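Me: I am new to this structure and would be grateful for a close look at one part of it, explained step by step.
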Amino acid sequence: MTIGRPISGVGARVLDPGLRPVPPGVVGELYLAGRALGRGYHGRAGLSAGRFVADPFGVGTRMYRTGDLVSWTPDGELIYHGRNDFQIKIRGMRVEPGEVDAVLVTHPDVEHSVSVGMPTPAGDTVLVSYVTGRPGRSPAPEQIVDHAVAHLPAHLVPHTVQVLEEFPVTRTGKVDRRALPAVEISPAREYVAPRSRLEAAVAQIFADVLGLQTVSVHDGFFELGGSSLSATKVTYRVEQHVDRRVPLALLFENPTVASFVAALHTVESVGAGRVLTPRERPHMVDLTGVQRGLWSLNQIDPSSSAYNVGFTLELDGPLDIPALTGALGDVIARHESLRTRYPLHEGRPVQVIIPAADALRGFRVALVDTTPDRVGEEIAAVVEPGFDLTGPNAIRAVILRLASDRHLLVFVVHHINADGGSLRPLARDLTTAYRARISGQAGPWTATVSAPRVQYADYAIWHAERLAAEAPGGLTEERAQLEYWERRLGTVREPAVIPTDRPRPAEPRHRGGVVDLSIPPETATVLKHLARVNNTTQFVVMHAALAVLIGRLSGSEDIVIGTPFAGRDDPALAEMVGMLATTVPLRTRLRLDEPFDELLRRVRTEDVTDLAHADVAFDQIVDHLNRAETGPVRRGRHNPLFSVMLSYQNLDFPEVSLDGLSVRVRPPASIAAKVDLEIMVYPDDLDGVDRGGALGGQIAYDTDLFDRAGAERIVERYRNLLTDIAARPGTPVGDLSIWADRQSSEVVDEEQALHELVSAVAATVLDAVIGIPGAPSVTFADLEATSVAMAFSVPDEDPGEALTVAVTTLLADADRTIDEVFACIRTAATNALCVGADAVNGEPRRNRADPA
């Protein structure tokens with residue numbers, strides 16, 4: 001409601017919690033000042049002190065804190081949004097009950113509504129709404145909750161609705177909130193059974209995907225533990241049930257069974273596509289888009305191990321070597337993708353499946369005697385050589401024997417044949433086949449395990465059919481998705497690059513190192529709650545936070561982060577061995593004045609939409625952008641869109657159990673670095689490590705760019721940022737803390753002149769690189785030397801002007817305004833000085849120009 005302008009003699013200020021003015025359209029608290037302001041409440045010193053506060057914009061003056069929430073209009077009027085007296089905090093989120101009441105009274109049966117916060121037996125606060133009915137109407141609490149679910153974010157939906165004849169009032173006619181009747185709060189909502197066939201079907205799908213017995217129609221999918229991966233499985237199965245395409249965003253926006261079913265009626269009647277079943281296939285099958293990208297990379301450098309997928313098992317006990325060798329052959333015979341080669345045919349690569357007998361005839365498992373001090377070398381000799389994908393099937397296995405009862409199985413396959421989701425069926429089938437071999441069974445699959453429902457070639461044909469199908473608008477699905485990505489990424493200039501410890505080599509060598517990441521239990525718990533109250537997943541929270549971190553470290557406000565997408569939404573794909581995963585580029589534009597919780601809701605919408613267009617491969621997207629002459633240009637083997645990835649490892653790590661043996665997975669001695677940094681998160685300790693409630697993970701880094709200490713500093717800053725987000729989710733992203741206390745403004749003065757910062761970095765942090773995307777690799781020492789030389793040719797030897805001339809000389813290709821370049825330099829200088837501060841505080845730091 002508009003309340004007009006301040007009257008003469010009264011100054012009105014709309015301020016945020018930090019007493020900073022807010023721009024038009026942003027809600028803040030109304031403060032009054034000026035000549036007409038009173039001195040306080042007569043005889044009530046405490047109340048006066050709380051309401052009549054010091055005026056930071058005057059000298060010795062005060063202002064009155066009204067408690068009214070308002071916002072400015074562009075023409076200088078005030079819009080009233082309610083009071084902050086009644087604000088409550090639920091699971092870390094501030095809730096304005098008036099927003100809830102405004103929606104509830106739009107229900108045709110409700111006349112008035114009052115919402116309050118009430119404690120549960122567990123000590124949490126939940127939202128309870130009291131309503132009165134319109135004359136002749138009897139509101140049903142379940143229908144009021146459904147109405148709220150359809151019109152409000154999850155954290156604003158009342159836990160309980162109670163219907164009253166009338167509200168208790170005070171002598172002045174206001175609702176007496178203290179006299180509202182008590183409500184019995186149970187720890188969870190009461191179970192409500194499905195009320196239609198479609199609700200029953202959707203509830204069963206929810207339960208099957210989440211591994212639950214039953215799901216109430218008012219239970220939220222993400223509150224029950226749903227993730228982005230499981231959400232894709234739900235929408236796919238619902239598509240098959242209703243025979244229409246169901247956008248992934250529909251589930252995020254309508255996370256309960258009741259609201260999701262209601263929203264299904266609004267979906268266009270576009271067929272869901274053909275079901276994945278075995279296909280009639282020719283001798284040669286086309287590659288999928290993901291496979292074509294991997295094949296092209298392999299042809300550039302067949303010796304590279306960057307896309308080898310391997311594991312090493314430590315086997316203690318009496319190993320039956322012929323049985324294990326035979327079991328490996330049984331697994332290869334079972335899965336066609338493990339015996340496929342990729343030759344050129346008429347100028348294009350194709351899949352050719354080798355008959356099982358021929359594949360096994362050429363497959364040998366060597367037995368190598370070795371010693372503990374040579375084990376690392378022997379493993380590297382198996383996993384590090386590349387594969388020629390046009391030749392024999394790209395798979396190797398070796399058994400290393402250290403003693404009669406100590407062995408290692410080293411197994412490696414090229415990524416074009418298998419992805420991370422393939423490890424579970426591989427482990428299960430190896431266990432089954434070995435057990436069958438040592439027990440003397442005729443065949444391992446006859447009675448214990450059914451044949452695979454579909455093979456990878458069936459999937460490749462089905463996927464091609466899906467992309468060739470007509471999408472809304474008359475385009476093929478493939479063309480429609482590529483045009484989406486052109487709109488989404490066409491204006492991206494260069495990947496956001498954070499400052500590195502060493503200059504970037506001309507071509508990446510993909511040599512990686514790993515450091516551990518651990519988020520404390522209390523922070524991890526709050527982040528989970530933050531995800532649930534925003535109808536989203538922990539992945540989206542981690543992604544939004546990572547975008548903020550990369551933006552703050554790089555000085556860029558346009559961040560693209562890659563993420564692997566499993567692509568196993570169809571149940572038939574769960575047990576398939578093959579390359580189904582793809583990489584999805586997620587773009588986020590940052591605004592430093594945007595509160596993090598608002599950024600989170602925006603990132604949720606953008607991520608869901610991006611993931612809904614993941615049927616086309618990453619390389620197809622890049623090739624399409626290049627053909628359209630939009631987006632960044634490929635430069636050698638460098639990724640043209642992003643330098644950072646976020647991998648949310650929510651696939652269970654498989655357990656291998658071989659009868660009579662103690663089996664342990666041996667961690668790899670090295671890791672391939674596909675990008676500068678890859679943040680890998682293991683929710684719910686799915687990697688098998690018990691972290692006592694902490695959220696664990698790792699960061700893989702390119703050792704050509706970062707020292708281990710540099711990667712550990714990035715871990716620390718990410719952890720600091722997540723901790724601050726958990727404590728202050730409504731804080732503008734530019735005000736969130738990424739530095740430890742000792743790395744804060746004590747190291748860098750934000751008001752310090754830029755030329756002084758450059759000089760300080762050049763003098764203290766040798767060879768620190770200014771990482772501006774699209775510009776040459778320039779160190780602060782280079783910039784300082786050029787600036788000093790230029791100072792002799794500018795009036796009065798002005799160091800500021802000299803720096804400007806030096807910047808325009810050395811960084812002319814940055815494709816940014818001079819102010820944007822200065823901002824990037826200041827960010828890089830701040831980071832470099834904070835890194836240098838580590839040495840002052842006792843952390844040894846070697847000269848980054850020296851060899852390791």
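In which sense do strand 12 (residues 284-286) and strand 16 (residues 348-353) pair, and over how many bridges? Please continue from there to the surrounding strands and helices.

Reply: Strand 12 and strand 16 pair in the antiparallel sense, over three bridges. The model is predicted, so local features need pLDDT of at least 70 and side-chain atom pairs count only at pLDDT 80 or more, whereas totals for chains, interfaces and linings use all residues. Residues are numbered from 1 along each chain as its sequence is written, and side-chain values use heavy atoms, with hydrogens and water left out.

Two conventions apply throughout. Helices (H or I, at least four residues) and strands (E, at least two residues) are DSSP runs numbered from the N terminus. Two strands count as paired if DSSP finds at least two bridges between them. In general, the strands of a sheet pair through backbone hydrogen bonds, in a parallel or an antiparallel manner.

Within the pairing of strand 12 and strand 16, Asp286 stands opposite Val350 of strand 16. Strand 16 also has other partners. Strand 14 (residues 340-341) runs antiparallel to strand 16 and is joined to it by two bridges; here Thr340 faces Ile353 of strand 16. Strand 15 (residues 344-345) pairs with strand 16 over two bridges, again in the antiparallel sense, and His345 is placed opposite Arg348 of strand 16. Strand 15 and strand 16 form a hairpin with two residues between the strands, in which Glu346 takes a positive phi near 55°.

A further sheet may now be considered. Five strands make up this open sheet, in the order 17-18-19-13-24 and with mixed pairing. Its edges are strand 17 (366-369) and strand 24 (662-666), each of which pairs on one side only. On average, neighbouring strands of the sheet are turned by 25° against each other, direction ignored. Strand 13 (residues 308-316) and strand 19 (residues 406-414) are joined by nine bridges in the antiparallel sense, and Asp316 stands opposite Arg406 of strand 19. As a general matter, the side chains of a regular strand alternate between the two faces of the sheet.

Helix 9 (residues 321-334) connects this sheet with the next part of the description. Helix 9 lies across strand 13, strand 17, strand 18 (395-403) and strand 19, and runs at about 165° to strand 18. Such angles run from 0 to 180 degrees between N-to-C directions, and axes are lines fitted to C-alpha atoms, for helices over the stretch in contact.

Helix 9 also packs against helix 12 (residues 423-439), at an angle of about 130° and with the two axes 8 Å apart. That angle makes helix 9 oblique to helix 12; the scheme takes angles under 35 degrees as roughly parallel, over 145 as roughly antiparallel, 65 to 115 as roughly perpendicular and the rest as oblique. The crossing of helix 9 and helix 12 is right-handed. A crossing is right-handed if the near helix is turned clockwise from the far one by less than a right angle, and left-handed if anticlockwise.

Contact, meaning heavy atoms within 4.5 Å, involves residues on both helices. Helix 9 contributes Ala323, Leu324, Gly326, Ala327, Leu328, Asp330, Val331 and Arg334, while helix 12 contributes Leu426, Arg428, Asp429, Leu430, Ala433, Tyr434, Arg437 and Ile438. The residues of this contact comprise ten nonpolar, one polar and five charged. In this division Ala, Val, Leu, Ile, Met, Phe, Trp, Tyr, Cys and Pro count as nonpolar, Asp, Glu, Lys and Arg as charged, and the others, Gly among them, as polar.

A second helix pair may be set beside it. The axes of helix 15 (residues 521-533) and helix 16 (residues 538-554) come within 8 Å and cross at roughly 105°, which makes helix 15 roughly perpendicular to helix 16. Ala524, Leu527, Lys528, Leu530 and Ala531 of helix 15 meet Gln538, Val541 and Met542 of helix 16. Six of these contact residues are nonpolar, one is polar and one is charged.

Finally, there is an open sheet of three strands, with the order 9-10-11 and mixed pairing. Strand 9 (110-119) and strand 11 (160-164) stand at the edges with a single partner strand each, so one side of each has no neighbour in the sheet. Strand 10 (residues 125-133) and strand 11 pair in the parallel sense over five bridges, and Thr132 stands opposite Leu164 of strand 11. Helix 2 (residues 97-104) packs on this sheet and touches strand 9 and strand 10, its direction making about 145° with that of strand 9.
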